[in-house]
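Here are a few exercises to work through with the structure open beside you. Try each task before you read its solution.

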Amino acid sequence: MRIRIGALAAILWVAALPAAGQSPPKPPANDDCLACHDATATRPTGQSMAVDATRFEASTHGPMACVDCHADLAKLTEFPHADKLAKVECGSCHDDVRSKYRDSIHAYGKEIVGLSMAPACADCHGKHDIKPRTDLTSRVYHTRIAETCGSCHTGIKEHFDTSVHAVALKKGDTKAPSCTDCHTAHAIQRADTDKWRLDVTAECGSCHTKVVESFRRTFHGKVTELGFSRVAACADCHGAHNILPASNPASTISQARLVSTCGKCHQGANQQFVKYDPHPNPQDYSRSAVLWWANRFYWVLIPGCFGFFGLHSALWFLRAARERRKKGGAA
Ligand code: HEC
Ligand code: HEC
Ligand code: HEC
Ligand code: HEC
Ligand code: HEC
Ligand code: HEC
Ligand code: HEC
Ligand code: HEC
Ligand code: HEC
């Protein structure tokens, strides 16, 4: 038995010899592909199958081989190739991003529901002209993200364009939020779940730090902090995509619209009710003199109270100690 296996191995080894002398076939070079896929190439059907070599080379993947992405052609030795090729799997290199994307509403729509309109990687990034996110011409450069998402979410983009945030972005203020600051880029979730609504409040607060402090002082803030999303969080009063300063009459928090904004949840809200301050700041006299004075009053009252009773207790303690010593000395 042992001999027979040995003999078989020897035969296989001999058979393999000529192949070992050759190097494995080289994958097709980019120029091979570009010979057919030049800048004007069309399919037999008339559809484009052009690749702009200059733009590809200037892209972040410029140094790569075509077959790094079109991996099913990597072992091709003879053209023409099959008419139908496998989809490019971006996640084979960008594994971290793929795992985030896989849990998103977009992947759910695309892969589970089968919505052809839901975006895969290339719908947001492009195919052969992908640039790093820090490049001004990238589709995902901070100030261009709204346009990219807005190519599908047109209604929201229209609202967003009028907001104070979008206006700031247009001026080049990269500190203002775009879609992904509130929604993330890859792990996008449905926007109507409790957990998500609570997370967004934290997100608004990461930029508006002073305001979030004041919000936490309110009933709405305290309850939100406990994890209940039924009370008002930032977006319930300010809107999500159409956020405007109070001075703009179109704002949900303008004097003209406050009654209806609060009225969504507080039936019978009126001008008196909306005088309630959603962002109380006891340090700010101009905002509310009453709150400021109340705060000062407590500053005097509380140290005063503790000071007085503290001193009182200390004296009491001293006296008791002296009494005890006196008694001890007498015994
Ligand atoms: C001999 C010419 C030729 C060469 C060389 C060639 N292609 Fe093609 N390629 C075609 C034609 C023709 C089609 C259109 C097939 C159809 O739609 O019927 C095509 C289609 C494609 C498609 C679309 C496939 C699909 O499923 O719709 C991709 C991707 C592609 N080629 C990539 C490459 C890559 C990468 C290379 C280099 C490894 C390459 N091609 C080399 C002729 C060529
Ligand atoms: C970063 C990955 C990547 C690289 C590198 C790449 N492609 Fe593509 N290519 C894609 C994606 C994504 C598509 C869209 C179809 C899909 O998802 O499979 C595509 C589609 C194509 C198509 C079909 C026509 C079209 O525009 O949809 C052709 C032809 C093609 N690529 C040729 C090439 C050639 C030639 C090269 C090298 C010069 C190349 N590709 C390099 C990702 C890539
Ligand atoms: C190619 C079109 C397309 C692009 C681009 C796109 N989306 Fe979507 N988006 C969809 C579709 C389709 C759905 C619905 C998916 C579903 O319901 O399963 C969706 C769902 C959503 C939802 C969940 C909506 C809900 O009902 O709660 C959010 C949030 C969202 N997208 C945000 C974004 C953001 C942010 C971007 C940009 C970073 C973006 N989308 C880019 C097509 C797109
Ligand atoms: C809905 C649109 C959208 C889809 C779908 C999408 N991306 Fe992105 N991607 C973005 C945006 C926007 C950014 C910029 C992030 C930012 O600045 O907040 C980005 C950033 C990136 C980056 C830069 C590094 C990083 O982690 O931020 C990589 C790499 C990337 N995407 C790869 C992918 C891959 C791979 C897929 C598919 C699995 C994908 N993207 C799907 C919109 C998208
Ligand atoms: C064969 C591996 C490979 C594949 C496949 C691939 N990439 Fe990349 N990608 C890279 C490398 C390498 C870089 C440059 C290094 C880096 O920044 O991560 C890069 C960079 C990027 C960037 C810029 C990252 C940044 O910092 O902003 C984006 C966006 C991106 N890729 C998206 C995609 C998309 C979308 C696909 C599919 C169409 C894809 N990649 C397919 C290897 C790959
Ligand atoms: C400042 C934070 C913020 C920014 C920026 C933002 N969103 Fe939203 N988005 C929200 C909030 C909060 C909700 C939940 C809305 C609600 O409950 O009325 C939401 C809901 C959504 C929904 C689902 C609900 C619907 O009305 O269909 C989509 C889709 C969406 N946003 C897309 C986008 C897109 C696209 C952009 C960029 C143009 C964007 N968002 C920018 C906070 C934001
Ligand atoms: C990434 C940072 C960032 C996030 C996240 C963010 N904002 Fe803003 N916000 C800004 C910047 C920057 C401005 C200033 C724009 C200007 O003054 O031109 C602004 C302006 C505003 C204004 C107008 C203030 C004024 O004084 O005119 C309101 C109201 C506002 N944001 C509410 C919100 C709400 C509500 C959220 C969450 C749903 C939010 N913001 C999320 C950065 C952010
Ligand atoms: C109960 C409703 C309500 C909630 C909840 C709320 N706000 Fe406000 N916010 C208002 C009103 C009303 C004003 C305008 C009057 C004022 O300045 O107090 C305002 C003012 C602001 C301003 C200044 C705008 C300006 O024009 O001066 C910012 C920024 C702001 N809010 C951000 C936030 C953020 C961030 C959150 C969540 C942490 C939040 N708000 C929660 C109602 C609310
Ligand atoms: C998204 C719904 C929602 C919005 C919008 C909203 N609130 Fe509230 N608010 C609540 C809930 C829920 C409670 C707690 C239940 C209760 O006592 O009514 C609450 C409690 C309050 C309280 C404390 C009540 C108490 O008994 O101590 C005041 C004051 C208040 N809201 C004022 C406002 C004002 C002013 C606005 C508009 C600027 C506003 N709210 C907008 C949901 C909302």
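A residue counts as near a molecule or strand if its C-beta atom, placed from the backbone, lies within 6 Å of it. This is a predicted model, where local features need pLDDT of at least 70 and side-chain atom pairs count only at pLDDT 80 or more, while totals for chains, interfaces and linings use all residues. Residues are numbered from 1 along each chain as its sequence is written, and chains are lettered from A and ligands numbered from 1 in the order in which they are written.

**Exercise 1. Find the residues that surround ligand 5, and say which are closest.**

Step one: count the shell, which holds 16 residues. Step two: pick out the closest, namely C90, C93, C121, P132 and R133. Step three: look at the helices, which are DSSP runs of H or I with at least four residues (strands are runs of E with at least two), numbered from the N terminus. Both α4 and α7 (121-125) give at least two residues to this shell, and α7 has the largest share with three. Step four: sort by class, with Ala, Val, Leu, Ile, Met, Phe, Trp, Tyr, Cys and Pro as nonpolar, Asp, Glu, Lys and Arg as charged, and the others, Gly among them, as polar. That gives nine nonpolar, five polar and two charged residues around ligand 5.

**Exercise 2. Do the same for ligand 1 and ligand 2: which residues come nearest to each?**

Start with ligand 1. It has 19 residues around it, and P28, C33, C36, C66 and D83 come nearest. The elements that give two or more residues here are α2 and α4, and α2 supplies the largest share, four residues. By class, you get 12 nonpolar, three polar and four charged residues.

Now ligand 2. Its shell has 18 residues, with C33, C66, C69, V88 and K127 nearest. The elements giving two or more residues are α2 (30-36) and α4 (66-69). This shell splits into 10 nonpolar, five polar and three charged residues.

**Exercise 3. Which residues make up the largest nonpolar core?**

First, the terms. A residue is buried if 20 or more other C-beta atoms lie within 10 Å of its own, exposed if 12 or fewer, and partly exposed in between, with C-beta atoms placed from the backbone. A nonpolar core is a set of buried Ala, Val, Leu, Ile, Met, Phe, Trp, Tyr and Cys residues joined through C-beta atoms within 7 Å.

Next, the list: the largest core has eight residues, V140, I145, A146, C149, F160, A166, L169 and C179. At least two of them come from each of α8 (145-150) and α10 (164-170), and α8 has the largest share, three residues. As background, nonpolar side chains in soluble globular proteins tend to be buried together.

**Exercise 4. Look at the backbone: which peptide bond is cis at P80, and what is the phi of T184?**

Keep in mind that most residues other than glycine have a negative phi, and most peptide bonds are trans. The bond from F79 to P80 is cis, with omega near 0 degrees; P80 lies in the loop between α4 and α5 (95-102). T184 has a positive phi, near 65 degrees, and sits in the loop between α11 (179-183) and α12 (194-207). Why does T184 count as partly exposed? Because it has 14 C-beta neighbours inside 10 Å.
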